[in-house]
Amino acid sequence: MDFRLKPEEEQFRESVRRFAGKHLAAGAHERAHASGYPWDVAQLMAKQGLLGITIAEKDGGQGGTLLDAVLAIETVASVCPRSADVVQAGNFGPIRVLAEYGSAAQKQTHLRRLLAGEGVISVGMTEPDAGSAVTDLKTSATRDKSGDGKGWRVSGSKIFTTHSAYADVFLVYVRFGPGVGGIGSVLIEKKDVRLGKASKFMSGEEWAQLYLDDVKVPEANVLLGEGGFKKQIAGFNVERIGNAARSLALGRYAYEAARAWALERKQFGRLLCEFQGLQWKFADMKMKLDAAQLLLYRAAANADHGLPSPEETAIAKAYCNQAGFDVANESLQVMGGMGYSQESLVEYCLRRCRGWMIAGGSIEILKNRIAEHIFERSFSQRPD
Ligand SMILES: Cc1cc2nc3c(=O)[nH]c(=O)nc-3n(C[C@H](O)[C@H](O)[C@H](O)COP(=O)(O)OP(=O)(O)OC[C@H]3O[C@@H](n4cnc5c(N)ncnc54)[C@H](O)[C@@H]3O)c2cc1C
């Protein structure tokens, strides 16, 4: 077993570091507090080959590994936390599900633009009455009897959709029939979606409720038909790896800021790093970050060019989410009023890490999955 990166991975990380230093360091603070999507960053990343890292070259990607994509997200976040979201959107999110399962025509229509940093795709799973219990979703796809009778009519609503305000295409989980087996997904363009009132998460990210009012969806826009739920969740595990990577990376960003602060700031005539009460906080933070990183790298490296294991992904995400939040929180404490102020990005990292404990499978739901692996049986969460 070798815990070091391969020389080509080191080289890749170094190239991302140089890119981030040159293009993303200036403006990192403003970007974190700006609304909208950083399209300029997306286009720069597209030119640098940082979108579609794990997508096959024949589909316009880089043909790299999931670990490469994790290294990219970590390295970018260490310079500009907000820009890590662009790496997420261009590699880990629904774009990867589209690349994995989409038809040639679907990829032709959407992937090129997404990989060029000219568009973004969102995933609409969550509904007002189907959060953790996502298989309770009600958004329906029923046969469209008009025309050639091959298309679908989609009706329902989605909430909390990241990038809903500026995505140009949505990967929407729908119900073709009853039960888990009846769930699949379709691609719906922005022009067919009615957006509700604009809202914001605590992180500052914008979202708006999506209303699908009897939307006409041609057969060609079905991504995964009836019975596609398992495949969708397998693809969604990639999104979870990106979510875990950002939790870890933003926790580490806050930690580095606090470390620098503790080496500079004096109280009672001594540097903060000389107080044992704070040294132990740093030791705890370092242990959490290192453990989280090992779990994340295990899940990503074992996926190689494929999809990550559900168990390793659940362990990595649950641990990184908690570690990222705990470390950002302790870093803020170490920096006192300065950590709590928008003068530093530590409070931003804390707010972002808090959301990832809920998004993409909450920590509790992931622990349920881990328990199922431990006992090799499923535990229904529903009443008898
Ligand atoms: C920042 C952010 C971004 C998001 N982005 C998207 C997106 O792009 N697309 C999308 O579709 N959705 C998105 N979501 C929604 C997210 O997937 C849901 O919020 C999540 O699945 C939880 O659902 P809920 O909020 O309805 O909480 P609920 O399901 O109502 O859960 C409430 C609490 O109960 C716990 N709980 C529920 N069931 C159990 C159980 N069986 N055992 C133990 N504990 C349980 C949960 O862990 C949680 O703590 C996002 C959410 C956030 C916060």
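**Second largest pocket and two cysteines**

Modeller: This is a predicted model, and in it 24 residues line the second largest pocket, with D2, R4, L5, L67 and A301 nearest its centre.

Biologist: OK, which elements give two or more residues to that lining?

Modeller: Those are α1 (7–23), α4 (66–79) and α9 (276–303).

Biologist: And where does the largest share of the lining come from?

Modeller: From α9, which puts in eight residues.

Biologist: How much space lies in the second largest pocket?

Modeller: About 660 Å³.

Biologist: I'm thinking about its chemistry. How do the lining residues divide into nonpolar, polar and charged?

Modeller: The lining of the second largest pocket has 11 charged residues, nine nonpolar ones and four polar ones.

Biologist: Switching topic to cysteines. What does the disulfide count come to?

Modeller: Zero disulfides. Take C349: its nearest cysteine sulfur belongs to C353 and sits 6.4 Å away, so with the cut-off at 2.5 Å C349 is in no disulfide.

Biologist: What about C353, which cysteine sulfur is nearest to that one?

Modeller: The sulfur of C349, again 6.4 Å away, and C353 is in no disulfide either.

Biologist: Is C349 buried or exposed?

Modeller: C349 counts as buried, because its relative accessibility is 0% and the cut-off for buried is under 20%.

Biologist: And C353, buried or exposed?

Modeller: C353 is buried too, since its relative accessibility also comes out at 0%.

Note on methods: Residues numbered from 1 in each chain as written. Predicted model: local features only at pLDDT ≥ 70, side-chain atom pairs only at ≥ 80, totals over all residues. Heavy atoms only, no water. 1 Å grid on protein atoms, 1.4 Å probe; cavity = no way out; pocket = protein on both sides within 12 Å on 5 of 7 lines; lining within 4 Å. Points joined across faces, edges and corners; volume = space filled by probe spheres on them. Helix = DSSP H or I, 4+ residues; strand = E, 2+ residues; numbered from the N terminus. Nonpolar A, V, L, I, M, F, W, Y, C, P; charged D, E, K, R; others polar. Buried < 20%, exposed > 50% of the residue type's maximum accessible area, 1.4 Å probe, protein only.
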